[in-house]
Amino acid sequence: MQRALICRGALFAQQVTLPTRISSVLVPRSYRAMSSLTVPAPASLLLPLKVPYRLMLGPGPSNVPPRILSAGGRPIIGHMHKEMFEIMDDIKKGIQYAFQTKNELTMAISGSGHAAMEAALYNAVERGETVLIAVNGIWGERAADISERMGADAKRLVKPPGECFTLQEIEQALSKHKPVLFFITHGESSTGIAHPLDGLGALCHKYNCLLLVDSVASLGGAPIYMDRQEIDILYSGSQKVLNAPPGTAPISFSERAKQKIFSRKTKPVSFYLDMGWLANYWGCDGKPRVPLHGVTSSNCHCTEISVSFAFHEQIVAPLVPCCPRVSVPQCFDTLSASRTICLSVSILQGLLSLVLQYPKTLGSLVLNRLSTLTPSVPRRPVISALNDYDAPQLLTAVSSVYHHTGPVSGLFSLRESLAILAEQGLENYWKHHQEMALYFHQGLEKLGLKLFVKDKNVRLPTVTTIAVPEGYDWRDITAYIMKNYSMEITGGLGPSVGMVLRVGLMGYNCTKANADLVLQALGDALQHCHKSKV
């Protein structure tokens with residue numbers, strides 16, 4: 001068996017084959033006998049990967065449709081290639097559509113919905129500031145916990161699971177505590193609530209307070225209008241209605257929120273989630289977002305290699321004497337794949353050395369070096385490639401490299417999921433999820449099961465909570481359905497543990513056939529699972 005390594009350029013493509021296993025004949029006998037390894041290779045990793053197929057009808061993640069799976073399997077490109085930036089720009093537009101916002105500061109966090117929750121709180125709140133958290137399920141509890149960990153004064157507005165807050169109750173708490181931010185969950189997946197949002201934004205702004213909304217379980221399945229409802233910070237997740245794999249989290253900030261974030265007195269407690277860095281990576285700060293590779297020109301391949309070589313020869317190598325030099329031919333069209341790799345590795349080695357030697361003065365060192373360059377002097381035929389950049393642009397590009405590598409495959413998947421949403425229409429999504437929820441709820445009632453949320457108007461269309469039937473252990477029901485139907489439904493979470501069963505019909509999984517199958521599985525489980533007579 002062989003593994004293919006594709007080295008791609010604009011004018012050539014070379015395929016280098018590598019053996020998947022190294023023959024013991026190639027390893028010297030002395031080395032095999034004197035190995036220093038004390039931990040052997042895990043036996044399980046020497047076996048093929050096995051993943052069972054399951055119908056994921058819990059609160060998430062959902063099943064990923066073939067089109068999105070295919071998108072995630074596309075060949076990897078650099079996280080700062082121009083093509084990657086174009087994909088990220090598409091994602092930004094898709095999030096703006098899904099959120100119904102024109103906010104410039106809109107992006108996808110590299111992480112799950114939890115990461116987006118932390119990004120919102122870490123950037124918008126400083127240590128010692130007061131926040132008001134609406135707690136009627138686990139996500140309010142989680143937001144309060146995170147707020148307290150970062151040193152904020154978290155005030156809780158509490159309701160029993162399955163209940164909503166009135167505008168009067170919220171206004172009384174805003175008036176009493178005077179918070180800088182109010183957090184509420186739109187789609188509370190632990191209890192099955194879709195909390196009304198109308199009027200909340202205006203109410204918060206009356207008290208000079210930002211409105212932060214969690215829509216991880218509701219986005220795409222229930223109406224939400226970020227701009228119209230005056231929401232300041234809105235975030236979601238990729239793995240529910242959007243049906244992308246977990247690991248990317250849409251988020252957007254209003255102008256009011258931006259002013260708060262970029263006028264803070266202290267740095268956010270998380271470097272990874274710092275909007276000052278992420279805004280540039282996502283092209284949201286109005287500053288140049290210049291990739292080190294993928295330069296647009298009549299000869300893209302030649303230009304990107306020449307810029308890399310010039311950057312290496314004139315900036316990295318002079319500052320790092322021990323940095324290896326790379327010999328590059330006059331004609332880049334014939335540059336071999338191996339030399340391209342050596343050039344990239346050499347640049348990375350040099351940058352790493354610079355970071356380690358000059359952690360606080362790297363920017364000024366590079367800028368000083370740039371000021372001494374004379375790209376027009378053809379000492380080598382590639383130096384003129386630096387004319388494509390001025391010093392601030394190159395410095396921006398160098399600085400941008402240091403934040404983080406975005407989840408390239410995850411972003412491919414998210415882009416495709418947002419494309420499907422755009423093709424089918426957001427309002428059609430809302431209508432379809434509402435219709436399927438009503439159909440499913442009627443079926444549950446015919447089985448004699450009771451819905452946990454009493455008020456029909458605030459039931460979450462995407463995740464249904466069913467009161468655990470009297471005499472049954474919820475664990476028996478979920479285990480029976482998993483064993484006999486290869487289907488996931490779950491019990492409660494946080495304050496709803498032991499109280500509910502949770503069924504998710506989201507996006508690709510939101511079909512009448514799946515609703516019927518869950519109803520069949522539940523009816524079967526009720527007949528075969530133990531029922532206590534006590």
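Let's start at a small landmark: glycine 425, which follows helix H14 and has a positive phi, near 95°. Keep in mind as we go that this is a predicted model.

On either side of that glycine you will find two helices, H14 (residues 408-424) and H15 (residues 426-446). They pack at an angle of about 85°, with their axes 6 Å apart. That makes H14 roughly perpendicular to H15, because angles from 65 to 115 degrees count as such. Which residues of H14 meet H15? Look for Ile420, Leu421 and Gln424 in H14, which meet Leu426, Asn428 and Tyr429 in H15. Sorted by class, this contact has four nonpolar residues, two polar ones and no charged ones.

Now follow H14 itself. With 17 residues at 1.5 Å a residue, H14 should span 24 Å, and its end C-alpha atoms are 25 Å apart, which agrees. Its buried residues include Val408, Leu411, Phe412, Glu416 and Ile420. What do the buried residues of H14 pack against? Their neighbours are helix H2 (66-72), helix H3 (82-99), strand S4 (105-110), strand S12 (248-253) and H15.

Two of those neighbours, S4 and S12, lead us into the sheet. The sheet is open and has seven strands in the order S4-S12-S11-S10-S7-S5-S6, with mixed pairing. S4 and strand S6 (153-158) stand at the edges with a single partner strand each, so one side of each has no neighbour in the sheet. On average, neighbouring strands here are turned by 20° against each other, direction ignored.

Stay with S4 for a moment. S4 pairs with S12 in the antiparallel sense over six bridges, and in S12 the bridge partner of alanine 108 is proline 250. Is S4 buried or exposed? Six of its six residues are buried, so S4 is largely enclosed by the rest of the structure. In a regular strand, side chains alternate between the two faces of the sheet. Here Leu105, Met107 and Ile109 lie on one side, Thr106, Ala108 and Ser110 on the other, and both faces are covered.

Further along the sheet, strand S10 (residues 210-214) and strand S11 (residues 233-235) run parallel, joined by three bridges. Leucine 212 stands opposite isoleucine 233 in S11. Helices pack on the sheet too: H3 touches S4, S11 and S12, and its direction makes about 110° with that of S4. Helix H4 (residues 113-124) touches S4, strand S7 (181-185), S10, S11 and S12, and its direction makes about 30° with that of S12.

Key: Residues numbered from 1 in each chain as written. Predicted model: local features only at pLDDT ≥ 70, side-chain atom pairs only at ≥ 80, totals over all residues. Heavy atoms only, no water. Axes fitted to C-alpha atoms, helices over the stretch in contact; angles between N-to-C directions. Helix = DSSP H or I, 4+ residues; strand = E, 2+ residues; numbered from the N terminus. Parallel < 35°, antiparallel > 145°, perpendicular 65-115°, else oblique. Contact = heavy atoms within 4.5 Å. Nonpolar A, V, L, I, M, F, W, Y, C, P; charged D, E, K, R; others polar. Expected span 1.5 Å × (residues − 1). Buried < 20%, exposed > 50% of the residue type's maximum accessible area, 1.4 Å probe, protein only. Pairing = 2+ DSSP bridges.
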